[in-house]
Amino acid sequence: MRFPHDFLFGAASAAYQVEGAWNEDGKGVSNWDVFSKIPGKTFEGTNGDVAVDHYHRYKEDIKLMAEMGLESYRFSVSWPRIISDGNGEINPKGLEFYNHLINECLDYGIVPFVTLYHWDLPQVLEEAGGWTNKKTVDAFVKYATACFKAFGDRVKHWITFNETIVFCSLGYLDGAHPPGISNDPKRYFQATHNVFVAHARAVEEYKKLKQYGEIGITHVFSPAFPVDDKPENEEAAYHANQYSLAWFYDPVLKGAYPEYVVRRIREKGWEPDWTPEELSFLKWAAPKNDFIGLNYYQPQRVIKHDPDAESGPASREAVTGAPGKVSFDGVYKTVRMEDKKYTKWGWEISPEGFLDGLRMLKAAYGDIKLYITENGLGDQDPIENGEIVDVARIQYIEEHLKAVKQGIREGIHLKGYYAWSVIDLLSWLNGFKKQYGFIYVDQQNHLARKKKLSFTWYKQVIANRGGDI
Ligand code: BG6
């Protein structure tokens, strides 16, 4: 079986992780520009001031993407580049950059797939309460509408937010992303609710413009499975899926929050300030959402947490995705299992978990259109005789593409696959050592680009529409 002709083979990036040029051409300061410079917050103090200089080298990068045969490039727009203080004047130079980027893609026949929010919030808004402040919702809708109007004649695929659970939980529960707050479930749930309202309002504005493209949201997709069939672990996995899947998918797809979670957060006093108008608006907007993007890296293996057990602060690895973390409400714990495979950063490699998760999603939400908006292997790639021989990445992507193919066979509505990432880039908290790209960036040699083995491999996969997978 080959992948259908309207299935998009792509690869992705995010503005802060690739662009650099953090203070050029009228760009405002983002929360990440500030946060990454607080000592101890990022791996070896790395930041996105230069990143991989995509801002100045996008032509060279897109030329390479075209050589690879890439059908679509998922990238994000930096909000402070478009509106420096988040809510004021539009910066013409910011629009110009993305116009050039989009046009360059289109000149090569590469479909631009645009994310509006991949975590870089204008600092002025962060200081006013960030996503816990409903004024940020209004500002986002203004920014999103400016993007639709400026780019919507050529951009027909829009993602409002990337991974609400990650920027809200790391921002308000783990203190590891801006604004760096720990253990504040009340603010965490408020921020997530405000994001869902912002998403729904952006969808409404987009539809009003009648640009006839599609719009959706991207969630991280980490389905939870119990480590065994003990009832308490099965309950723990159910609880994990309610809090980390249903809380994020239900308001967008069903227009209502999962009762299981609502009941519990009400008892704890963590219920957001949500108005009846907002709740009915979510219900109204849900059917207008066109698709869901899934960022899949790994499943969660879950056990019930023993409340009497010692559980000190989670390690940096656990905060950034490795198992070994107690849930913020103390109900379950993610664990590493002897019989599973893991990356060098401790993330499980599980194409089976991917396929099982896709089936779980279909059972819960029916025939919703899906794009895999991120999937890939973070590795320190081996270099032999000057060549980057990232065989492990090829194996990883091949196995996950097989799962996608099987999903399509089973009638799961999958319309595209975006490898993370198109080019080596800055990992938010893990620096430049954790590589994901098809294109290598030489940090010791003026950020020179070089094709990896996976570049040639993915090129063949695309040319053959995955016939050999
Ligand atoms: C996803 C993000 O959560 O994971 C990306 O959308 C990120 O921006 C990717 O780079 C990999 O995470 P990490 O920590 O390995 O860089």
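Ser421 sits in the loop between strand E15 and strand E16 (439–442), where helices (H or I, at least four residues) and strands (E, at least two) are DSSP runs numbered from the N terminus. A cis peptide bond joins Trp420 and Ser421, with omega of about 5 degrees. Another cis peptide bond links Pro178 and Pro179, where omega is about 10 degrees; Pro179 belongs to the loop between helix H8 (164–172) and helix H9 (185–208). For context, most peptide bonds are trans, and most residues other than glycine have a negative phi.

The model is predicted: local features need pLDDT of at least 70 and side-chain atom pairs count only at pLDDT 80 or more, while totals for chains, interfaces and linings use all residues. Residues are numbered from 1 along each chain as its sequence is written, and side-chain values use heavy atoms, with hydrogens and water left out.

Positive phi values turn up in the loop between helix H2 (31–35) and helix H3 (54–68), which holds Glu44 and also Ala51. Phi is near 50 degrees at Glu44 and about 50 degrees at Ala51, neither being a glycine. Their surroundings contrast: Glu44 is exposed, with a relative accessible area of 64%, whereas Ala51 is buried at 5%. Here buried means under 20% relative accessible area, exposed over 50%, and partly exposed in between (1.4 Å probe, protein chains only).

Turning to the barrel, eight strands close it in the order E1-E2-E3-E4-E5-E7-E12-E15, with parallel pairing. The twist from one strand to the next averages 25 degrees; axes are lines fitted to C-alpha atoms, for helices over the stretch in contact, and angles run from 0 to 180 degrees between N-to-C directions. Two strands pair if DSSP finds at least two bridges between them. Strands E2 (residues 72–76) and E3 (residues 111–117), for instance, pair in the parallel sense over five bridges, and Phe75 has Val114 in E3 as its bridge partner.

Helices lie across these strands, contact meaning heavy atoms within 4.5 Å. Helix H14 (residues 351–365) lies across strands E7 (291–295), E12 (370–374) and E15 (414–420), and runs at about 140 degrees to E12. Helix H15 (residues 391–409) lies across E12, E15 and strand E1 (8–12), running at about 170 degrees to E15.

Lastly, Asn385 is found in the loop between strand E13 (383–384) and strand E14 (387–388). Asn385 counts as exposed because its relative accessibility is 80%. From Asn385 to Glu410 the C-alpha to C-alpha distance is 43 Å, with their positions 25 residues apart in sequence.
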